[in-house]
Amino acid sequence: MDTAPTRQDAVRDAAASGIPAALADLGALVRIPSIAFPGFDVSEVQRSAEAVAALVEELGLFESVEIRRAAIPGSEEVGQPAVLATRVARNGRPTILLYAHHDVQPVGDESLWESEPFAPTVRGGRLYGRGAADDKAGVMAHVAALRAVKHALGDEFDLGVALFIEGEEEAGSRSFAQFLADNAEALRADVIVVADSGNWDARTPALTVSLRGNTRFTLRVQTLDHASHSGMFGGAVPDAMMATVKLLATLWDDDGAVAVEGLTERDAETPAYTEETLRDEAGLPPGVSPVGRGTILSRIWNKPSITVTGIDAPSVANASNTLTPAVSVVISARVAPGQPAREAYSAIEAHLREHAPFGAQLTFTDQDYGDAFLVDTSGWAVATALQSMHEAYGVEPVEIGVGGSIPFIADLVREFPGAQILVTGVEDPHARAHSPNESLHLDTFRNAVLAEALLLEKLDARTVA
């Protein structure tokens with residue numbers, strides 16, 4: 001006996017048939033070098049916003065689709081263009097806010113790319129290109145899922161939807177909080193999906209339930225008023241590089257674990273994860289050992305880390321026999337869930353001042369802070385999202401922590417305290433976001449689109465008080 005197709009069947013069929021068009025549109029977005037960092041062509045970020053807005057307009061779902069900017073607090077500048085689209089819920093349905101960002105990281109050393117960064121290339125079941133995973137795939141997961149439910153449900157689709165595609169996430173989301181304040185009513189929702197995280201692996205979906213916070217700053221170490229001859233004064237006068245090396249070394253103990261008093265850890269169990277997997281996913285070669293103590297995932301998810309991400313000093317090409325008077329470094333710290341980022345920064349600054357060798361003069365500038373995030377997993381939206389992932393991937397989803405940070409989530413929590421926030425993603429551990437040869441696993445993308453389409457269908461069947 002034949003069984004009539006269900007709403008879910010229709011959504012599945014529509015999601016599957018829409019993948020080729022979604023990947024073509026993703027490729028077109030990847031071709032736009034939408035880098036929002038200072039010094040890059042901001043007209044490309046505008047062009048990217050316009051391309052996203054056109055895709056959203058074509059959906060025919062929204063009552064309003066606009067490109068908007070917000071002021072950067074404490075500055076006369078405005079932020080980069082974001083796409084905001086809204087439709088009001090009907091018949092007592094909830095409203096969902098879908099977030100992603102259309103700006104991307106700079107390409108770095110282009111010689112390390114195996115294909116052009118902004119020429120999307122498919123090989124080995126992956127789509128290569130800057131932004132192919134982070135986060136233009138997130139943008140297209142939203143668009144493709146909405147296409148699927150519109151095609152499958154037509155006029156029966158009553159869910160309220162707000163779509164917010166940011167244009168400066170990689171550059172620090174400097175206008176994000178102001179954008180939320182300016183557009184609070186348009187963005188207000190019962191459920192928020194942030195499609196900017198990853199999955200357990202290429203086959204296993206994940207819901208991110210914890211994120212470390214972060215603090216970043218520039219440290220200048222000065223020991224001399226001017227450069228001096230290293231032969232004439234070396235051995236009696238401390239140069240800034242020597243002082244910087246000795247100072248930075250105090251940040252870690254002999255195991256490579258952070259050794260800063262006042263930085264906290266979160267006590268939480270982690271799933272099994274082997275050193276072999278770490279080596280494969282992180283690119284850790286034979287002979288180089290992991291650092292830290294405890295389970296590997298506890299080190300990544302629940303403990304602080306400190307990384308020197310940049311240094312200004314004489315280059316190898318310009319090296320001369322002189323004592324360097326001053327060195328500047330950028331220090332990026334990840335903060336364990338549960339500790340405010342500003343508190344962590346204060347602990348690191350106090351440590352560095354206390355351990356400054358030879359009376360070296362320290363200057364701290366360009367401080368930046370982002371608080372950690374912990375999900376309340378008891379909400380109905382979490383259960384619905386996990387069910388949708390299971391149905392889409394055919395595998396039980398995993399609740400994961402992430403060592404990285406999404407600082408603006410703290411702004412979402414503050415502005416919309418009643419909303420349930422779901423952090424999802426289309427990346428797998430081999431996506432290499434922010435690195436050369438960034439890529440998207442195509443089967444993961446297909447499943448992620450279906451999972452979100454099924455989530456939309458389930459929410460559309462739900463009424464709220």
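Which strands does helix H8 (residues 240-249) lie across? Select H8 in this predicted model. The helix lies across E9, E11, E13 and E14. Now add strand E13, residues 326-335; H8 runs at about 15° to E13.

**The four-stranded sheet**

Show the strands beneath your selection. They form an open sheet in the order E11-E13-E9-E14, and the pairing is antiparallel. Go to the edges next: E11 (305-312) and E14 (361-370) each have a single partner strand, so one side of each is left without a neighbour in the sheet. Look along the strands for the twist. Neighbours in this sheet are turned by 20° against each other on average, direction ignored.

Select E9, residues 213-222, together with E14. Eight bridges join these antiparallel strands. Pick out Leu-219: the residue opposite is Phe-364 in E14.

Now bring in helix H11, residues 341-355. H11 packs on the sheet and touches E9, E11, E13 and E14. Compare directions: that of H11 makes about 165° with that of E14.

**The three-stranded sheet**

Move to E4, E5 and E18. This open sheet has the order E4-E5-E18, again with antiparallel pairing. Which strands stand at its edges? Select 121-123 for E4 and 439-441 for E18. Each has a single partner strand, so one side of each lacks a neighbour in the sheet. From one strand to the next, the twist averages 25°.

Finish on E5, residues 126-128. E5 pairs with E18 in the antiparallel sense over three bridges. Select Arg-126, then look across to His-441 in E18, which stands opposite.

Notes: Residues are numbered from 1 along each chain as its sequence is written. This is a predicted model: local features need pLDDT of at least 70, side-chain atom pairs count only at pLDDT 80 or more; totals for chains, interfaces and linings use all residues. Side-chain values use heavy atoms; hydrogens and water are left out. Two strands pair if DSSP finds at least two bridges between them. Helices (H or I, at least four residues) and strands (E, at least two) are DSSP runs, numbered from the N terminus. Axes are lines fitted to C-alpha atoms, for helices over the stretch in contact, and angles run from 0 to 180 degrees between N-to-C directions. Contact means heavy atoms within 4.5 Å.
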